[in-house]
Amino acid sequence: MSELSAKAVQTPVKPKKKKKGGLIRDIKENTSSYVMMAPFMILFLVFIVLPVLVSVVLSFFYYNIISPPTWVGWDNFKRLFLDDDIFMIGVKNTLIFAIITGPVSYFMCLIFAWLINELGPKLRTAATFMFYIPSMCGSLVFIFQYIFSGDSYGILNSVLTQLGLIDSPVLWLKDPTYMLWIIIFVQLWMSLGTGFLVFIAGLQGVDRELYEAAAIDGIKNRWQELGYVTLPSMKPQLKLGAILQITGAFAVSDIAANLAGFPSPLYAAHTVVLHMQDYGTARYEMGYAMAIAVVLFAFTVLTSRLILRLLKEKTY
C-alpha cells in the first residue's frame, strides 16, 4: 500500500457541520415540494393541531359557551378522577372495549387480508369490497336493533323461542348482562375498515422475489412465509394498522348509543367518548368536556407509543 493510501485510511473523516438555517434553506431548495404539501399541512394544523391545543387550554377553565371562560385550574381534573363515578364506569367499559376489540380486530384484519390476498384479482376485489362495506355503512347497525329486539318479533328471540331455549323474550339491549357484549360483537363485525385496506396494500407491495429466495433458503410452508417474509416486509403497514385499531377501540361511541341508548341503562354501555359528549353537547360544560378529551387523548397517545415500541422491538 502506498504512503498516500495509508494516510487516507488512517486519517478520520471529519463530519460536516450542519449549517444554521437548514430548514429555511431546505424550503428554498425544495419550494415545489413544500407548496404541494401546504394544503395538507394547513388542514392538519387547523383541524388537528389547533383543536388539540384549544382543548388543552379550555380544560383549565369553566366554560358554558354563553359566558366567557373562567379559570378553575386543576378543578376539572380533580372532579373527573375524584368525584365523577360515571366517568370511572366509562373508563372501565372503554378499557374492556379496547382490550377485546383492539387486538381481536387487528388480527382479524391481518388474517382476512392475508387470506384474501391469495385470491385472483377479480375475486380479491369482490372479497375486499364485501369485507369492507360494513365499516362504510354505519346505518347497518340498525339491523342489529331488529336482530336483538327485546320483543317476541326480534329475530334472536324468535329463533330461541322456536328452539325451546327460552320461554319469554329477553331484553338483549336493555339488560346490562348482555348489552356490553352485544356491542362488542357488533363493533368487531364493523371493524374491518381502513386497517384492513392498509394490510391489503401492504401484502400487495411485498416483493415476490423474496418468496423465491426464501424457498431456496428452506422455507417449507405458507406460515413460515408469513412469519419470515411477509410480516417483516410490511412493518410500516403493521404500525399504521395498530394506530388505527387503537384509536378506533378508544373512540367507541355511536354504536353504543344507537344500540343501548344514550345514556344506556345503568350506564352499562357508557364510554369515555359518550361521557364527553354528554357534558359537551347536552350540559354545555365545555371546560369539563375538554378535560375528558385531554385525558382520553393522552391515554391514546401513550398506548399507541407503547404498542409501536413493542412492534418495533419484539415482533421480529
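**Helix H12**

I looked up which residues of H12 are buried in this predicted model, and found Glu225, Leu226, Val229, Thr230 and Leu231 to be so. I then asked what covers these buried residues of H12, and the elements I noted include H5, H10, helix H11 (208-217) and H13. I kept in mind that an α-helix has 3.6 residues a turn, so residues three or four places apart point the same way.

**Threonine 230**

I turned to threonine 230, which lies in H12, the helix formed by residues 222-233. Its relative accessibility is 2%, and because buried means under 20%, threonine 230 counts as buried. Setting aside residues up to four places away in sequence, I listed what threonine 230 touches and obtained Leu203, Val206, Tyr211 and Glu225. Of these partners, I noted that Leu203 is itself among the buried residues of H10, while Glu225 is among the buried residues of H12.

**Helix H10**

I next went through helix H10, which covers residues 194-204, and recorded Gly195, Phe196, Val198, Phe199, Ile200, Gly202 and Leu203 as buried. Which helices do the buried residues of H10 pack against? I found helix H5 (85-117), helix H6 (121-136), H12 and helix H13 (235-250), and H10 in turn appears in the cover of the buried residues of H12.

**Threonine 300**

For a second threonine I took threonine 300, which I located in helix H16, made of residues 286-313. With 12% relative accessibility, threonine 300 also counts as buried, because that value falls under the 20% cut-off. Leaving out its neighbours within four places in sequence, I found threonine 300 in contact with Ile246, Thr247 and Phe250. These three partners carry numbers that fall within helix H13 (235-250).

**The chain as a whole**

I then stepped back to the whole chain, where I counted 16 helices and two strands. The radius of gyration is 26 Å, well over the 20 Å that the globule rule gives for 316 residues, so I describe the chain as more spread out than a compact globule. Along the principal axes, I read a span of about 95 × 60 × 35 Å for the C-alpha trace.

I noted that 34% of the 316 residues are buried, and that, among contacts with a separation of 6 or more, 66% join residues 24 or more positions apart. For the surface I wrote down about 20100 Å² exposed by the chain, with 68% of it supplied by carbon and sulfur atoms. Last, I checked the charges, 25 positive and 20 negative, and found their mean positions to be 15 Å apart.

Methods
Residues are numbered from 1 along each chain as its sequence is written. This is a predicted model: local features need pLDDT of at least 70, side-chain atom pairs count only at pLDDT 80 or more; totals for chains, interfaces and linings use all residues. Side-chain values use heavy atoms; hydrogens and water are left out. Helices (H or I, at least four residues) and strands (E, at least two) are DSSP runs, numbered from the N terminus. The radius of gyration is taken over C-alpha atoms; the globule rule is 2.2 Å times the number of residues to the power 0.38. Buried means under 20% relative accessible area, exposed over 50%, partly exposed in between (1.4 Å probe, protein chains only). Contact means heavy atoms within 4.5 Å. Accessible areas come from the Shrake-Rupley method with a 1.4 Å probe; for residues, only the protein chains shown count as cover. Lys and Arg count as positive and Asp and Glu as negative; His and the chain ends are not counted. The place of a charge is taken as NZ of Lys, CZ of Arg, CG of Asp or CD of Glu.
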